[in-house]
Amino acid sequence: MLRTALRNVLAHKARLLMTALAVLLGVAFVAGTLIFSDSVGEAVKNASAKNLKDVAVSVKATQDPDAGPGRAKDGKRSTALDDRLADRIRALPGVQSVRADVTGTATLAGRDGQPIGNGWQNLAANYQPGKDGKDGRYPLVRGRGPASGGEIALAENTAKAAGVTLGDTVRFATDGPVLTKKLVGIVATDDPAVTAGGSLALFDTATAQRLYLHPGQFDELVVAAAPGTDQQKLTSEVSQLLPAARAQATSGRQLAAEQARMIAEQNSALSKTLLTFAGIALFVGVFIIANTFTMLISQRSREIALLRAVGAARRQVVRSVLAEAGLLGLISSLVGFALGTGIAVGLRAVLDANGAGFPDGPVVISPSTVLASLAVGVLVTVLAAWLPSRKAARIAPVEALSTVEAPPAPRSLVVRNTIGAVLTAAGVAVMFWVSTLTSGKDLPIAMAGSTLTLIGVIVLAPLLSRPLVSLAGVVTTRLFGVSGKLARENALRNPRRTAATGSALMIGLTLITGMTVVGHSAQVAMDKMAGSGLTADYKVTTSTFVGLDPKLSAKVAQVPGVTAAAPIRGAGFTVDGGPGHGTGSGFGYVRGTNLDRIGEVTRLTFTQGSLAAVKAGGIAVSQTEAKERGWHAGDTLNVEFYDKKKARLKVAAVYADNEVLGKSFASTALVDPHLDRFRDDELLVKTAHGGSPALAKNIREALGDSPLLKIQDRDALRKETAGQIDTIVNMVYGLLGMAVIIAVVGVVNTLAMSVFERTREIGMLRAIGLARSGIKQMVRLESVVISLFGAVLGMGVGVFLAWAGGSLVGSSFPAYALVLPWGRLGLFLLIALVVGVLAALWPARRAARLNMLEAIGAQ
Amino acid sequence: MSFAAAPRPAVPARATAVAARATDLSKVYGQGETQVVALDSVSVEFGRARFTAIMGPSGSGKSTLMHCMAGLDSISAGSARIGDVELASLGDKQLTRLRRDKIGFIFQAFNLLPTLTALENITLPMAIAGRRPDQEWIDRVVETVGLSGRLGHRPAQLSGGQQQRVAVARALAAQPEIIFADEPTGNLDSRSGAEVLGFLRESVRAMDQTVVMVTHDPVAAGYADRVVFLADGRIVEELHEPTADAVLDRMRMFDAKGRTN
């Protein structure tokens, strides 16, 4: 029977092509993911191992509880690691050398004046030349290492982003005023924080200490040991030298183990995500494989009946079909694996080109990857062919003898519909329940409910196909006459087939629609949050958490064109909800601002009390906050600020929720006494004519033109928040794209096989006068109808799931509300239409080119 | 089972005109060594309002003749005309249109689209042409072939004989200039076959329809007004007003001749 299977695969090469393509793409996805994450994981592991190669012991300063939050009175950190300690460690037997590191942050401005990267990725360190005058950790690309207080070296990409070259004066800031130094060196680094969009600045050790610590102090001592030294022993020896509770020694081996674990964790999270999408793609493929084998078997039923008649057992028939599937799966998987290897290599190159900054390394193809990819491909194909193979076994030997071309009686859908209805109902019920949940922790329930609903609808799809396809058919019949009518009838002819084909497309579209709707709703919510209430033209913040000097707001207000500048700084407190003072106890946060100006930078609407009452020394609370805590204008709150000072605050007003002002606000005078760091978190600037790049530059200059300054107009603010969602949604589009492509392959497959099955009908239609163009039109419209069926179903389910699951997202966005992106949805429908037309290209051409006489005579 | 008296208006006096004509028609398949001459300079006329049967052994070219005459297959040499239209001069689009508007077909099997009801199948050629069917005429045809109660059924719900009657009705419904039938009774039992042949003959007699039928069944040929015998791509014999026995005799004769050759 294996020979029969092999012959069948070879005989139906063309017909199996599309199925093979579906398996191939799915396997490529899996293999690509595995190879990609293996290769990147290996490369990162190698890179970090290289960094830790010479580390025998690492000594890090722990925060000194007595010195405030690690800071001396001058605002700089203080550590217990100093030159004396370093020397004592150097004196230990077995120690080869000790690297004494100072680390901090230094922010440079990019060409646009805005800070480069995120605050915590703007690294700074001390350059430690060895005997040869060079620091092996930061290999020089050009120039030399910084050697005096006026010099700086930068990583290559940092210098590029800042637009500076050797000899230029570099402006930067740590957390205070603008500093300038001369660029003397460009170094290379493979620190992922730097390569992935951050920056790196190097100073000589004394300068670095002045900037971040105190002279003679370090953040970390890195001990290199002579060959043959016992790391464990050395670590405990080093530990004994350390002042108790102020520093800690860790062996290099332990560090390496921790790092490896972290990398593995990150890597597995990434590959799990990718594999999920690969799984979706394969799941979509299952429908296509099952469809193909069902069609092949019905086409071959007489052949199978003959086999049965000459003595093949049912089991042998099943085995033959499964062997055919296995063979197909194996061949497709092999090709898919090769393609996957290419995808892995290409993906890395593409991501690297976009600044992902993966360290270099070879492509890693582990035996388990090969096995897993092939096994997945073969298993999925065989599993998908299992039901059709059972159908093949049921073919009676007598069918070989029948001469009448009788189409098999359609099997009843009652059982399927019942199961589908139960599953769908259960899924929908779960989702309705989910729609009442508000915690992000309930996500697994939402996912289970979504899966249940999706599977339920897939099972119900044949039932649903009738009304939906009929509806589409009314349109096609009206528009395209007899071709449209025939297309509808063909799509209705085999509901299972239409449903399976449509389902493949539906799965991708459900997920895409769900993502789009949730993403869009979140975006609108963020837009609202970013824009609602904000009438200011610019928001000024700093890229680190240093904040702005309060004196600056007055300076900015004097810039010509600026009509108002309102600072915002806040203080946290706990409120004691005693009797008569309102019921809501717990944490609170009050923003202090310039009450004379606040009305100009934000839209304020009071529901109780007035701004005047707030000016008189009270606080204003937002409507939601007031409602949740049960506060009213006139209440007095007993609060304790974070500086442990107690106060009685009078609720003077209640205002409509406002994202700029948050839960409550008051005058700066009320807040200031409780701040240990007297800095503005943000500064809102209103201008006379809506702002301009020139004005933004003037504001920047008035503020001292520090590289830390972020000056954003409303558009930039919106992009900053909403842009992230866009990126995620686009990534998901890309990942789900594979599932959609496979689904399109499925439509092509179904049509091609249908055309083959209906050869004689098509011949007859041509004979009685349907032109080639009519035949093409018929196939094309059937394709479009099936595609639209899948799309509409998928979009319907997607919108429903997005609606139900939206409440979970809503928990993190107060302004979240379901907003349907009609433009996008319309676009999806249009794409489905185009997909339908494109998928029909080849089958329609084939149908139109059929030789009429052969077609009529075909058996 | 007889057609109502009213004859179709546009039909000229019977037996005088020619509905289709082949002149030195040749059809050659393949090239060089593998060349097969299916039709060898055949000249034949099919009279209007006549029922002509084409007979001959397998490979005699009878089906090829029909295919060429019906615009289903191309012509290697010579001429084939439907009415005044020379088929050799027509492109695929024009041929398709000709088949749609001027020709009716009845095949041995698989005449009907399984997705359409009997009535939809009957009116399909008009639907393709975008023409509104002549309801009165359709009613008459349907009634004549005895399908009145089954118009809403799909082919799968009809017996083989009923399916073939739907096919006849479809061929008649569009009022074509000529109907080509290719072994229309090949898949039917003798009773259903007789019914279908009866309808065809009746359509010729009462409605002045022109029918050309390919068959190898002498009984079927016995229903025709005239039988044309083909052998090796040539017309070898003709019989007018044949009986089944006469046809059978001729065939035995050819057979004998074939053996002695």
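This is a short walk through the two chains, beginning with chain A as a whole and ending with chain B.

Before the details, please keep in mind that this is a predicted model, in which local features need pLDDT of at least 70 and side-chain atom pairs count only at pLDDT 80 or more, while totals for chains, interfaces and linings use all residues. Residues are numbered from 1 along each chain as its sequence is written, and chains are lettered from A, with ligands numbered from 1, in the order in which they are written.

Let me start with chain A, whose C-alpha trace spans about 100 × 75 × 55 Å along its principal axes. Chain A holds 27 helices and 24 strands, where helices (H or I, at least four residues) and strands (E, at least two) are DSSP runs numbered from the N terminus. Of the 859 residues in chain A, 48% are buried, a residue being called buried if 20 or more other C-beta atoms lie within 10 Å of its own, exposed if 12 or fewer, and partly exposed in between, with C-beta atoms placed from the backbone. Taking two residues to be in contact if their C-beta atoms, placed from the backbone, lie within 7 Å, residues 24 or more positions apart account for 84% of the contacts in chain A with a separation of 6 or more.

The domain assignment, whose bounds come from an automatic or database source, divides chain A into domain 1 (1–36 + 268–406), domain 2 (55–254), domain 3 (463–534 + 714–859) and domain 4 (549–702). Between the C-alpha centres of domain 1 and domain 2 of chain A there are 55 Å.

Now to an open sheet of chain A, which has 4 strands in the order β3-β13-β1-β14 with antiparallel pairing; two strands are said to pair if DSSP finds at least two bridges between them. At its edges stand β3 (95–101) and β14 of chain A, each with a single partner strand, so one side of each is left without a neighbour in the sheet. Neighbouring strands of this sheet are turned by 20° against each other on average, direction ignored, with axes fitted as lines to C-alpha atoms, for helices over the stretch in contact, and angles running from 0 to 180 degrees between N-to-C directions.

Which helix packs on the sheet while touching β3 and β13 of chain A? That is helix α3 (residues 83–90) of chain A, whose direction makes about 160° with that of β3(A). Helix α8 (residues 252–299) of chain A also packs on the sheet, where it touches β1 and β14 of chain A and makes about 80° with the direction of β14(A).

Within this sheet, strand β1 (residues 57–61) of chain A is largely enclosed by the rest of the structure, because 4 of its 5 residues are buried. β1(A) pairs with β14 (residues 247–251) of chain A in the antiparallel sense over 5 bridges, and A61(A) has A247(A) as its bridge partner in β14(A). Towards β13 (residues 220–225) of chain A, β1(A) forms 4 antiparallel bridges, with S58(A) partnered by V222(A). β3(A) and β13(A), for their part, are joined in the antiparallel sense by 6 bridges, and S97(A) has A224(A) as its partner there.

Another strand worth a moment is β11 (residues 199–204) of chain A, of whose 6 residues 6 are buried. On one side of β11(A) these are S199(A), A201(A) and F203(A), and on the other L200(A), L202(A) and D204(A), so that both faces are covered. β11(A) pairs in the parallel sense with β6 (residues 122–127) of chain A over 6 bridges, A124(A) having A201(A) as its bridge partner. With β8 (residues 151–155) of chain A, β11(A) shares 2 bridges in the antiparallel sense, and there L154(A) stands opposite A201(A).

Turning to helix packing, the axes of α2 (residues 13–52) and α23 (residues 714–757) of chain A come within 8 Å and cross at roughly 170°. α2(A) and α23(A) are therefore roughly antiparallel to each other, since angles under 35 degrees count as roughly parallel, over 145 as roughly antiparallel, 65 to 115 as roughly perpendicular and the rest as oblique.

Finally, chain B has an open sheet of 4 strands in the order β2-β1-β4-β5, with antiparallel pairing. Strand β4 (residues 77–82) of chain B is joined to β5(B) by 2 antiparallel bridges, and R81(B) has E86(B) as its bridge partner in β5(B).
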